[in-house]
Number of protein chains: 2
Amino acid sequence: MEMDERKLKILQAIIDDYILTGVPVGSRTISKKYDMGLSSATIRNEMSDLEELGYLDQPHVSAGRIPSAKAYRLYVDSLMRTGRIQDGSLESVSRHFTGRVRQMEDVIDHAASVISTLTKYTAVVLSPKGKQPRMQTVQLVPVSRDSALVVIVTDAGIVRDSTIRLPGEVDSDTLYAISRALTEELRGHTLEEACAILPEMSQRMQENEELLRGLYGLLNERREAPARTHVAIGGTSNMLSYPEYSDVEKARSFLSLMETRDKLASIIAGNGEMAFTVRIGPETGVPEMADCSIVTATYSTRGGQQGTIGVIGPTRMQYSRVLSILNSMGHQLTDLFNGGDERHE
Amino acid sequence: MEMDERKLKILQAIIDDYILTGVPVGSRTISKKYDMGLSSATIRNEMSDLEELGYLDQPHVSAGRIPSAKAYRLYVDSLMRTGRIQDGSLESVSRHFTGRVRQMEDVIDHAASVISTLTKYTAVVLSPKGKQPRMQTVQLVPVSRDSALVVIVTDAGIVRDSTIRLPGEVDSDTLYAISRALTEELRGHTLEEACAILPEMSQRMQENEELLRGLYGLLNERREAPARTHVAIGGTSNMLSYPEYSDVEKARSFLSLMETRDKLASIIAGNGEMAFTVRIGPETGVPEMADCSIVTATYSTRGGQQGTIGVIGPTRMQYSRVLSILNSMGHQLTDLFNGGDERHE
DNA sequence: GTTAGCACTCAACCGGCTCGAGTGCTAACC
DNA sequence: GGTTAGCACTCGAGCCGGTTGAGTGCTAAC
């Protein structure tokens, strides 16, 4: 037995209906609601075939059928009608930030919130990550009598700053002089390389040796703890509206997964190759998400870094809608992060 | 009829038991578990009195009694035995950050996570907020050919930065010169005052007028959008473990409240006067939290700013435990933010 | 004032019942 | 041969009624 045109059509109807209602769908529903000019009996025969082929599951004998992960896979890969989403709220993301000081975190948080509102699922947005950024400017700014802020601007436009203790009092002009020297030496180098250059430099500049050693310590620490990706989450409560999560224990384990951002980030991040990924149920590789699907898209920033946008929902997700929303949001974020000359940390 | 010693003792036992189990407690339980040398019948009479006094509620005739908000209030105000908490995990907060670069957000996030783990409730930590910070240093750092990062260090040790566009190419030395002038003029002034000074300054410094105008725009924007308080949340999923939230709809509305950080922040913040506050059920003033209690404590930073730590749990919360945990955490955060010379944004 | 005893209440649980949606199979139909 | 009508069968959901047990309130005795 193999798939034919009609089986596909029926399968599609079943999936559409199940995505809409979340209730196992029966033969009569299909034959009536989606007029295919076939009686329920015929549909039944076809459904039985589809089950044998592994596209449908039956919770119990006297209930309707529900699509299997295999069915969703087929649906996403070939059956799905993808339409363009027309929704003003999406465009508003860029408008929301135009002409404002944009802190990367704010943008990401807002994006997650918008996506979750639009999709009614849970949205996760990861801050960009990618190839080692190269330093462009290093500057020391006096903070208090004996400490200074180290500001590092990289080619990706990303700014990292933190404070170091000064070995005694150092005046602002001296700090500036050191900054110039540092910028000259380190420009174009990665953090990695800078850690190699600094010790040699501190030998040369005897009088500031201690300060440079402090700086070295700082960079070294940074190198080991790679730029923590910011994880924005929106709409976790949305999941509780779906009957799939009417079981409190299930909901709890889902939520608690959402709280461990590191783990969540690694799940969402996946492989950075694909523009879009759709992982259905078991494909997620996460036991807690056995009946969730994860759809991701990417966006990119000036420095060639890539960020990820993800939507987590029940397997009976409105894939086409989610995909087009993610697509649109991906473009918007990319535009936003490439367009302005504002700082994006 | 009025309260006497014995009634108090019984009430305390009831509250203790209900906090522990979450199940309405009956007269027999009290007479057996907490040996008071009284029979269940006597307890019953007393309980009936306590109900009349408004300290106990009865879900239905044949169930036990549960403490009313009034009872919890009495409990918190006078009955509660507060003990010191001995838990290594609490001390570990400071250890966790000692010798590390501490970004204020990281500290707060971690604190929320620790508190929620220890208490098994939901923890919310707000970043410090308080009197207008005064500027200490203003410095421009070149970012790209035509943009610069503005770094402002305030007396609270807080650093704020964002980018402005430069009117044409400006070399690093010029930027430094302007920075010195800015620092000189603006040191000791608030953002508010700076906005008044800048226009006059830009008239004086003809050649950099445009740059200063850009800076003015930035500060003005900052002034209007006051420093967004960072809101760290931990352990939202904990709430689902309590039978109070076995109703999914209730859980959903709670979670969705947790997602609107602004609203949450304003609920938690409350009045900044008190070192501790305990709001029980209706006292929270939030309909969604009619059967939650909120306990808050404060911590403070160098600049005299105050932050808030809050725990949200069911009304039958382990108040004494929560209070001592919050107390301890408050001290730790205060120490952390006053002790080091690292930057705290 | 305290307690034992007893009647009463009521949620929770259990088992049986019906209802209805849905299936699978078979026989008739085109 | 594919399609359809018909029918027996299955099984979850919902309802009903009985039982159980925790707990109360009241009263009478201590």
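**Exercise 1. Determine whether Cys195(A) is buried or exposed, and how many disulfides the structure holds.**

Solution. Step 1: Cys195(A) has a relative accessibility of 6% and counts as buried, where buried means under 20% relative accessible area, exposed over 50%, and partly exposed in between (1.4 Å probe, protein chains only). Step 2: Cys292(A) is likewise buried, at a relative accessible area of 0%. Step 3: a disulfide requires a pair of cysteine sulfur atoms within 2.5 Å. By this rule, the count over all chains is 0 disulfides.

The model is predicted, so local features need pLDDT of at least 70 and side-chain atom pairs count only at pLDDT 80 or more, whereas totals for chains, interfaces and linings use all residues. Residues are numbered from 1 along each chain as its sequence is written, chains are lettered from A and ligands numbered from 1 in the order in which they are written, and side-chain values use heavy atoms, with hydrogens and water left out.

**Exercise 2. State how the side chains of Asp77(A) and Arg73(A) meet, and where the two residues lie in chain A.**

Solution. Step 1: the side chains of Asp77(A) and Arg73(A) form a salt bridge, at 3.3 Å from N to O. The term denotes a side-chain nitrogen of Lys or Arg within 4 Å of a carboxyl oxygen of Asp or Glu. Side chains of opposite charge can pair when their charged atoms come close. Step 2: both residues belong to helix α4 (residues 69–79) of chain A, and because they are 4 residues apart, about one helical turn separates them. Helices (H or I, at least four residues) and strands (E, at least two) are DSSP runs, numbered from the N terminus. Step 3: Asp77(A) is exposed, at 53% relative accessible area, while Arg73(A) is partly exposed, at 24%.

**Exercise 3. Identify which parts of chain B are tied together by the pair Arg73(B) and Glu283(B).**

Solution. Step 1: a salt bridge of 2.5 Å (N to O) joins the side chains of Arg73(B) and Glu283(B). Step 2: Arg73(B) sits in helix α4 (residues 69–79) of chain B and Glu283(B) in the loop between β8 (276–280) and β9 (292–300), so the pair ties together parts 210 residues apart in sequence. Step 3: Arg73(B) is partly exposed, with a relative accessible area of 22%, and Glu283(B) is partly exposed at 36%.

**Exercise 4. Determine which residues are closest to DNA strand D, and which classes of residue make up the surface near the strand.**

Solution. Step 1: 21 residues surround DNA strand D, the closest being Arg6(A), Thr42(A), Ser62(A), Ser27(B) and Arg44(B); a residue is near a strand if one of its heavy atoms lies within 4 Å of it. Step 2: the surface near DNA strand D has 6 nonpolar, 11 polar and 4 charged residues. Here Ala, Val, Leu, Ile, Met, Phe, Trp, Tyr, Cys and Pro count as nonpolar, Asp, Glu, Lys and Arg as charged, and the others, Gly among them, as polar. Step 3: α3(A) gives the most to this surface, with 4 residues. Step 4: of the strand D atoms within 4 Å of the protein, 73% belong to sugar or phosphate and the rest to bases. Step 5: a polar side-chain atom of Ser27(B) lies 2.6 Å from a phosphate oxygen of DNA strand D, whereas one of Arg44(B) lies 3.0 Å from a base nitrogen of the strand.

Definitions and conventions
A polar contact is a pair of N or O atoms within 3.5 Å; within protein, one must be able to donate a hydrogen and the other to accept it, and residues adjacent in sequence count only if both atoms are side-chain atoms.
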